[in-house]
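Q: I'm new to this structure and would like a close look at a single part of it. Could you walk me through the salt bridges, and then show me what else helps me get my bearings?

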Amino acid sequence: QVQLVESGGGLVQAGGSLRLSCAASGSIGSNYVMGWYRQAPGKQRDMVATINTGGSTNYADSVKGRFTIFRDNAKNTVYLQMNSLKPEDTAVYYCKIVIYGSRYLEVWGQGTLVTVSS
């Protein structure tokens, strides 16, 4: 069974930085995409950044140049480095893994709250 555990959320002033972590446990195989999504109050959940097993990354336009997604394969952990934070970045951030190949599986983390004060 695959599980994701997120950490690193909190309160930060505008212009500040935070780093989120998402650790995967269980057998995730060698074909997957991990990513970060966020949901602000009253809004839909949107993609923030993803990274695949080849290391290719994808970012939402709103975070390009400010956020960086990277991973530590040895720890099965993906990170989201968030710099130059803005109040509009305030949301619950969720980690997701999509495993594909011999099986298909989607797993979400429990979410971590990021609050950016102006």
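A: Let's start with the term itself: a salt bridge here is a side-chain nitrogen of Lys or Arg within 4 Å of a carboxyl oxygen of Asp or Glu. Side chains of opposite charge can pair when their charged atoms come close. Keep in mind that you're looking at a predicted model.

With that in hand, look for R38, R66 and D89, which are linked in a network of salt bridges. Across the whole structure, a search turns up four salt bridges.

Take the pair of D89 and R38 in that network: their closest N and O atoms are 2.9 Å apart. D89 sits in the loop between β8 (77–82) and β9 (91–99), while R38 belongs to strand β4 (residues 32–39), so this pair ties together parts that are 51 residues apart in sequence. Are these two partners buried or exposed? Both D89 and R38 are buried.

Now hop over to another pair, E106 and K96, which form a salt bridge with their closest N and O atoms 3.9 Å apart. Here E106 is in strand β10 (residues 105–108) and K96 in strand β9, so the parts tied together are ten residues apart in sequence. The two ends have their own surroundings: E106 is partly exposed, with a relative accessible area of 40%, and K96 counts as buried because its relative accessibility is 13%, with the cut-off for buried being under 20%.

There's also a salt bridge between D61 and K64, whose closest N and O atoms are 3.1 Å apart. D61 counts as exposed, at 64% relative accessibility.

Strand β9, where you just found K96, is also a good place to meet the disulfide. The structure holds one disulfide, and it joins C22 to C95 with an S to S distance of 2.1 Å. C22 lies in strand β3 (residues 18–25) and C95 in strand β9, so this pair ties together parts that are 73 residues apart in sequence. The torsion about the S-S bond of C22 and C95 is about -80°, so the disulfide is left-handed. Both C22 and C95 are buried.

Next, strand β4, the home of R38, leads you to an empty space inside. How many cavities of 30 Å³ or more does a search of the whole structure find? There's one, and the largest cavity has a volume of about 60 Å³. Its lining is made up of I28, Y32, M34, I51, R71, D72, N73, N76, T77 and V78. At least two of the lining residues come from each of β4, β7 (67–72) and β8. Sorted by class, you get five nonpolar, three polar and two charged residues around the largest cavity.

One more stop: M34, one of the residues lining the largest cavity, is also among the contacts of T50. You'll find T50 in strand β5 (residues 46–52), and it counts as buried at 13% relative accessibility. Leaving aside neighbours within four places in sequence, T50 is in contact with V33, M34, G35 and Y37, plus S56, T57, N58 and I69.

Definitions and conventions: Residues are numbered from 1 along each chain as its sequence is written. This is a predicted model: local features need pLDDT of at least 70, side-chain atom pairs count only at pLDDT 80 or more; totals for chains, interfaces and linings use all residues. Side-chain values use heavy atoms; hydrogens and water are left out. Helices (H or I, at least four residues) and strands (E, at least two) are DSSP runs, numbered from the N terminus. Buried means under 20% relative accessible area, exposed over 50%, partly exposed in between (1.4 Å probe, protein chains only). Contact means heavy atoms within 4.5 Å. On a 1 Å grid over the protein atoms alone, a cavity is a set of points where a 1.4 Å probe fits but cannot get out, and a pocket is an open set with protein on both sides within 12 Å along at least five of seven lines; lining residues have an atom within 4 Å of a point. Grid points are joined across faces, edges and corners, and a volume is the space filled by probe spheres set on the points. Ala, Val, Leu, Ile, Met, Phe, Trp, Tyr, Cys and Pro count as nonpolar, Asp, Glu, Lys and Arg as charged, and the others, Gly among them, as polar. A disulfide is a pair of cysteine sulfur atoms within 2.5 Å.
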